[in-house]
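Work through the exercises below with the model open beside you. Try each task before you read its solution.

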Amino acid sequence: MAEKITKEQVFDAIRKVIDPEVGFNLVEMGLIYDAIIDDDNNVKVVMTLSTRGCPLHQMLTQWVKDAVKEIPGVGEVEVEVVWEPAWNISMADDNVKKALGAL
Amino acid sequence: MFNVSREFAPPFSLIAPFFVIGSIFYLIATLLLPMFGADTSHFDISVVGWAHLFLLGFVMMVIFGAMAQLVPVVLEVGHFSVDFYYLIWPLLTIGTILMVIGFWLAPGLLPYGGMMVLIAMLTFLADTIMTLRKVEHISLTVKTVAVTNGFLLLGILVGFAMALGIGAGVGVDINKWLNAHIVLVLGGYVTLTIMGMSLILLPMFGLSHGFDERPINLSFKVMVGGVLAYLAGAAIDSQVVRFLAMLTMLGAMSLYLWQIWLIYETRARKENDIWFRSMVVGYGSLAFSLPLGLLAALGAPENIGMTAVWFLVMGFFTFLINGHLYKIIPFLVWFERYSPLVGKQKVPMLADMYPKKMADYQFWFSAAGVVIAGIGLLFQSDTMFKAGAAFMAMGAVFLVTSVNWMMKFGKE
């Protein structure tokens, strides 16, 4: 039986996905809300985007999916984009806030 | 669920000509600015020719190119037929050239140029209206797109009727309808479009969240009422109705500025990049033009009204358009050339895909030009106006160079 995947592994994998507009990864931007992993290592990533009108919407979710699929032993990967709670800068890491001038 | 997929995104080769040709028209128009004096009237046929060169060749060309990319983003559905856009830029280019020659040299060409511009715009409207029919989520921006396209249709029909009047002797009262044409196109289409699009783009690029949207909702309704009232005032030839309509539109623009301030106050991204500085000059110009517009409506001399229009068009419209070119073109180039490489090799950030020095030169020359020429118009100084125009032309050279640089990024 494959080793159980952890939330940390999923978040670490998504750290490789960079938003080309701001230059930060989606995890430090605070866009990844949760990663739900079942007993068969199927992963559901719950995320949001910094704006509803993001033209990279589908590409970003595809990149997240591709990144998570690279984790050894992972099952099916699903990405759900939610708009509640709406993203705001307080959800980002301090290094992001500092770089953007919000801290 | 809202998706803008790759298949919704128009090909780069389709959009690129709009921005390249638009920036070239901008350069030509600014190079020709010094042929006018500070005491020029907007009824002067040479000014009308120049206005069409600038507004059709640059403003509308870039707006149409931007809409090819933005319509799927803001309407949340794919184009009805994005291939329509392959027809728009050639027709608009040739139509604009014919119309300008018609105004300046050969009035007989005006109806032909006008017809080509009319077909270009009807093609744009056909795609937009058919795309609107697919929309499920009716947001304020969707309503804005619907209403503005109606005003554009009315505006170009009035314009075409006037082109027939000048070029083919059809009985149209130019004095009666010229201002209605200006209000329909500049107020009803360009301004309302900018209002709707900026509500999407400004929070997106500035990472603004949680701001009150009541001012823009009210502004949109008031502006639509103002444009309709002006049209009614022109139809019944009532000075009072036209005056009240002008006040209404100025009120709407003031509400819009308030909304921009709310977005500005809640922005998380505080970089003073070329986009942000362009927005500051653009909205600063709008703030300056509004009280001048009020004075003009109250009967101040024409130079006050011309200065108001100068800051509205050359400050507000121009800086908003040019500022966004530094965001939109790198995105399109990145999407075309680098998005397939994500995860396979290191790809550039969008901020690295525009020429910072050249963009700075464009910004400073253009900003200085707008202010100097604007002061020239206000105080009726030919020297100041021509000096400012020369600065603007220099800025335009850097704009064309920057656009070329961005378009070629990563081509090899």
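A residue counts as buried if 20 or more other C-beta atoms lie within 10 Å of its own, and as exposed if 12 or fewer do. Keep in mind that this is a predicted model.

**Exercise 1. Two positive phi angles**

Task: Decide whether B:L207 and B:D237 are buried or exposed.

Solution:
- Start with B:L207, in the loop between α6 and α7 (214-235) of chain B. Its phi is near 50°, a positive value in a residue other than glycine.
- Count the neighbours. B:L207 has 23 other C-beta atoms within 10 Å, so it is buried.
- Go on to B:D237, in the loop between α7 and α8 (239-265) of chain B. Here phi is about 55°, again positive, and B:D237 is not a glycine.
- Count again. B:D237 has 10 C-beta neighbours inside 10 Å, so it counts as exposed.

**Exercise 2. Check a helix length**

Task: Test whether the span of helix α4 (residues 110-132) of chain B agrees with its number of residues.

Solution:
- Take the 23 residues at 1.5 Å a residue; the expected span is 1.5 Å times one less than the number of residues.
- That gives 33 Å.
- Compare the end C-alpha atoms. They are 32 Å apart, which agrees.
- Now look at the packing. Buried residues of α4(B) include B:M116, B:V117, B:A120 and B:F124.
- The buried residues of this helix pack against α2 (45-75), α3 (85-104) and α5 (140-168) of chain B.

**Exercise 3. Find the cores**

Task: Which residues have the most contacts inside the largest nonpolar core?

Solution:
- The largest nonpolar core has 145 residues.
- Those with the most contacts inside it are B:V59, B:M61, B:V62, B:F64 and B:V227.
- α2(B) supplies the largest share of this core, 22 residues.
- Follow one member. B:V59 touches B:F54, B:V190, B:F317 and B:I321, leaving aside residues up to four places away in sequence.
- A second, separate core has 32 residues, among them A:I14, A:V22, A:V43 and A:M59.

**Exercise 4. Describe the contact between chains**

Task: How many residues does each chain give to the contact?

Solution:
- Chain B gives 24 residues and chain A gives 20.
- On the side of chain B, α2 and α6 (174-206) each give two or more residues.
- α6(B) gives the most, with three residues.
- By class, this side of chain B has 15 nonpolar, six polar and three charged residues.

**Exercise 5. Locate a cis bond**

Task: Where does A:P85 lie?

Solution:
- A:P85 is in the loop between β3 (77-81) and α3 of chain A.
- The peptide bond from A:E84 to A:P85 is cis, with omega near -5°.

How values were computed
Residues are numbered from 1 along each chain as its sequence is written. Chains are lettered from A and ligands numbered from 1 in the order in which they are written. This is a predicted model: local features need pLDDT of at least 70, side-chain atom pairs count only at pLDDT 80 or more; totals for chains, interfaces and linings use all residues. Helices (H or I, at least four residues) and strands (E, at least two) are DSSP runs, numbered from the N terminus. Two residues are in contact if their C-beta atoms, placed from the backbone, lie within 7 Å. Ala, Val, Leu, Ile, Met, Phe, Trp, Tyr, Cys and Pro count as nonpolar, Asp, Glu, Lys and Arg as charged, and the others, Gly among them, as polar. A nonpolar core is a set of buried Ala, Val, Leu, Ile, Met, Phe, Trp, Tyr and Cys residues joined through C-beta atoms within 7 Å.
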